[in-house]
Structure formats: C-alpha cells, structure tokens
Amino acid sequence: MDGTENNILIHKTFHIEGGNFQNAGLISDQVKKILKEAGLPKKVIRRTSIATFEAEMNVICYAQRGNLSLFITPNFLKVVVEDEGHGIPDINLAMSDGYSTADEKIREWGFGAGMGLPNIRRNTDEMVLTSKFREGTHLEFIIYLDRQENMLPFE
Amino acid sequence: MTLKEVKETTNAEVISGDHDLKKEIKCAFAAELLSDVLALSQEGALLITGFTHPQVVYAADAANLCAILFVRGRWPNEATQQLAIQKKIPLLSTSYMMFETCGLLYEYGLKTCALKTENGRDGK
C-alpha cells in the first residue's frame, strides 16, 4: 500500500482475543492514547479511534484471535489487523451498509448492525480488505496526516 | 444548553462529573447500538442511551462525545463509572423513557446532531 516503510516513527502491535467482549474498546483506547501523545490533529485521532474500535470489534465478534498493528510515519498512519477466524465469504456484501451475520450475543453488546466495515471505509483515506473464508481476514487502512481536510478540528 | 439544564429538564441524577455541569451541549444523539454511536454521532454531542456497559464510554470517547445520559433509570456499574471519570465524560441518569427524554430536551431547544441518514445508513 505504500513505499515508505523506512520512515516509521512509531510501531506498536496489540493482541486481540476473540470473543472477549468484556475488554472490547481497550485496544482502540490504547491506540488513541498513542495518537494523542504523538500530538496528531484532533480529527485524525477521532477518525482513527472510530475505525480502530470497529476493527477491534470485528476481531472480537468473528475471530478466535487477531493482531492490530499501528504504524505512524511523517505523512500517514496505517493500521493493519490480521485475524484467524470465520473470514468473510463475500466481501462486497460485507461492505454494504446494514449487512450483518451477527448473532444475538454480538447484538447484546451493542454491535452487529452491519455498519462496521462501511464505517471504517468512511473514516479512512485508503482501505484494503482481503479474506479467506474459514481462515481469517486481513484489513489495512491509512489516514493521511498531511491532508488539509484532516487538519480541521471539527468535521 | 448546558449539562445542568439537561439535568434539570430531564430531572436526572448526576452519577459522575458533577463539576462539569457548565459544559455546553451543542447537540444530542440517541441510540441503543454502539454501532450507531460510532457511525452516526457527531463530535461534542450528548449521548442518550440505555446501554450501560463500559463499552459505551469507550465508544463515546472514541467519537469525542461530551456526556452520556442514561434513560429508564439505568445505572452503570462501577467499572463504567470509573472509566467515565478517567475519560472525563460526565454520566447522568433519568427515570424517563427514551422517547420522553428526547422529547423534553428537544422541546427545550436541544437539536439533533444527525437529521437523516443517506442510503439507509450513512448519517450526515
């Protein structure tokens, strides 16, 4: 997705345990803390926090385990989420608003409205999603740090 | 309107964040799904919900919401309260139902932060 791997200022990887709803939100909270400490613009922090929260929930809801890695470079930040789990049989369908395969437990925790992946797309500048059914899912997204629209304090 | 006016209008109890009652509330958003909070709410909004797990605080913090008002007398557990204190997000609880709570605040002059959805889901 990019050719500037040598310019990484911050790199951190977090483990996510599938099915652990009690801890949901913890990883995105830690990511938010890192972005705040790095002094990134408020809008970048909000967009990243929302996209990361959605990605974290997807692993908790649909995978056995996963890793979420954050990379910050001078020009962009990238988040890579890899999981071992259900996988997605039809990515186009999963990317459409309102489509969900969530069960009752997921809904009980306030998720599973079929809005996660479309919401990640809305809050990021680049997004790549690949998946092998019954094996796992690989998600990457980028938010540019040098774009004017990301510098505004409010949407 | 201020958070103090929200409290008085809905006859709410302040669970935590007593010192933040002067906070100005620009708009409000009501939801029972955290998916909706993450997808449709706007920065600075008051969240009106019956959902009391700690995840509601994480979602509100991720979306930069300014306070949470629980409806139907819902009262969050200690973990949720502690997290809210840490995140500096005031928590209130009203005995009114969701519809009544929203109606009282709307009548007082508080406006929505997302009027309609486009294409079924996308709030703008």
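Me: What makes residues of chain A and chain B count as in contact?
Reply: Contact means heavy atoms within 4.5 Å, and on that rule 29 residues of chain A touch 24 residues of chain B. Keep in mind this is a predicted model, where local features need pLDDT of at least 70, side-chain atom pairs count only at pLDDT 80 or more, and totals for chains, interfaces and linings use all residues. Residues are numbered from 1 along each chain as its sequence is written, chains are lettered from A in the order in which they are written, and side-chain values use heavy atoms, with hydrogens and water left out.

Me: Why is the pair Asp29(A) and Lys87(B) called a salt bridge?
Reply: The term needs a side-chain nitrogen of Lys or Arg within 4 Å of a carboxyl oxygen of Asp or Glu. Asp29(A) and Lys87(B) come in at 2.4 Å, N to O, so the pair qualifies. The rule finds three salt bridges across this interface.

Me: Which elements of chain A supply two or more residues to the side touching chain B?
Reply: Helices H1 (26–37), H2, H4 (104–108) and H5 (DSSP runs of H or I, at least four residues, numbered from the N terminus). H2(A) has the largest share, six residues.

Me: What makes the buried area about 2300 Å²?
Reply: Buried area is the accessible area (1.4 Å probe) that two parts lose on being put together, summed over both. Chain A and chain B therefore lose about 2300 Å² between them, with 55% of it on carbon and sulfur atoms.
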